[in-house]
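Subject: Structure for you to look through

Hello,

I am passing on the structure we talked about. Please open it beside this message and follow along as you read.

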Amino acid sequence: MNNRTGRMRRVEAVTLGVVATGAVSIAIASIVSAVADAAEIFGSPVTVSLPVHGADMTTLQDAAGVDSAEYTEAAVSLTTVDAGTRWLLLLETALPALATVIVCMALWWLGLSLIRQRTFRRSMPHIIGGAAIGLIVAGMIGPLLGGFARAQAVEQLTASGADTGEFWSFLFQVDLSPIGWGIALALVATAFEVGQRLQRETEGLI
């Protein structure tokens with residue numbers, strides 16, 4: 001920012017423009033990836049990654065320097081999967097993609113507001129807060145729905161007479177990083193809310 005004129009320097013404007021463009025590009029890539037996942041999930045066969053417990057990797061049992069080796073998951077291609085399981089698998093990938101789109105759009109709007117030197121818009125805390133909620137919900141609900149989908153796939157294999165003793169009947173694995181980022185964005189939204197209030201008070205004094 002140019003302290004004498006209050007105008008944004010060209011380098012700063014270009015940097016913000018690149019960030020905004022990158023955010024839009026990432027959002028588009030997330031949408032394309034979600035569509036591709038949907039086509040694969042509702043196709044046939046559909047590959048489901050099923051978590052495995054207690055499955056030894058026999059090829060490494062006698063390898064030098066290896067104490068133990070186990071398989072943690074198996075990629076199983078199923079030709080018959082009911083619609084409910086497919087929808088759960090889709091939501092597992094679609095929710096994080098949707099959260100990514102929301103965050104990228106919030107970054108795009110923030111970059112555009114900074115370029116126009118209108119940082120503390122009334123909509124900014126709501127947009128960033130919505131992105132925070134989206135990240136937290138996607139980080140918690142997505143893996144839970146995926147756990148239910150894999151449990152149904154295991155039930156289907158069991159009903160067909162397959163030996164499913166090595167598969168988890170239900171396993172919920174959650175990555176805490178999206179939740180942490182969501183909490184951080186919630187703090188940023190609070191900061192924008194405070195800044196907006198201070199700006200209104202300053203304008204009232206003038």
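What follows is a short account of what was found in it. Please keep in mind that this is a predicted model.

Overall layout

The chain is built with four helices and two strands. Read from the N terminus, the order of its elements is α-β-β-α-α-α. Of its 206 residues, 32% are buried. If you take the contacts between residues at least 6 apart in sequence, 77% of them join residues at least 24 apart. About 12,800 Å² of the chain is exposed, and 63% of that area is supplied by carbon and sulfur atoms.

The nonpolar cores

The largest nonpolar core has 18 residues, and those touching the most other members are Val48, Leu50, Leu78 and Phe167. At least two residues of this core come from each of S1, S2, helix H2 (83-115) and H3. Another core, of seven residues, lies apart from it; Leu110, Leu112, Met124 and Ala189 are among its members.

Leucine 50 is a good residue to click on. Leaving out residues up to four places away in sequence, leucine 50 touches Thr72, Glu73, Ala74, Val76, Arg150, Ala153, Val154, Leu157 and Phe167.

The largest pocket

The volume of the largest pocket is about 240 Å³. Strand S1 (46-56), strand S2 (70-78) and helix H3 (123-159) are the elements that give two or more residues to its lining. S1 gives the largest share, four residues. In total 13 residues line the pocket, and Pro51, Glu73, Arg150, Leu171 and Gln173 lie nearest its centre. Sorted by class, the lining holds six nonpolar, four polar and three charged residues. Glu73 and Arg150 are worth a second look, as both are among the residues nearest the pocket centre and both are touched by leucine 50.

Three residues compared

Is threonine 164 buried or exposed? Threonine 164 has a relative accessible area of 14%, and because buried means under 20%, it counts as buried. It sits in the loop between H3 and helix H4 (176-205). Not counting neighbours within four places in sequence, threonine 164 is in contact with Val154, Leu157 and Thr158.

Threonine 93 belongs to helix H2. Its relative accessible area is 28%, so it falls between the cut-offs of 20% and 50% and is partly exposed. Which residues does threonine 93 contact, leaving aside its neighbours within four places in sequence? They are Asp37 and Ile41. The C-alpha atom of threonine 93 is also 6.8 Å from that of alanine 34, although the two residues are 59 residues apart along the chain.

Leucine 187 is in helix H4. Leucine 187 counts as exposed because its relative accessibility, 59%, is over 50%. Between the C-alpha atoms of leucine 187 and alanine 132 there are 9.0 Å, and along the chain these residues are 55 residues apart.

One peptide bond to check

Most peptide bonds are trans. The bond from serine 44 to proline 45 is cis, with omega near 0 degrees. Proline 45 is found in the loop between helix H1 (10-41) and S1.

Regards

Key:
Residues numbered from 1 in each chain as written. Predicted model: local features only at pLDDT ≥ 70, side-chain atom pairs only at ≥ 80, totals over all residues. Heavy atoms only, no water. 1 Å grid on protein atoms, 1.4 Å probe; cavity = no way out; pocket = protein on both sides within 12 Å on 5 of 7 lines; lining within 4 Å. Points joined across faces, edges and corners; volume = space filled by probe spheres on them. Nonpolar A, V, L, I, M, F, W, Y, C, P; charged D, E, K, R; others polar. Buried < 20%, exposed > 50% of the residue type's maximum accessible area, 1.4 Å probe, protein only. Contact = heavy atoms within 4.5 Å. Core = buried A, V, L, I, M, F, W, Y, C linked by side-chain atoms within 4.5 Å. Areas by Shrake-Rupley, 256 points an atom, 1.4 Å probe, with all protein chains shown as cover.
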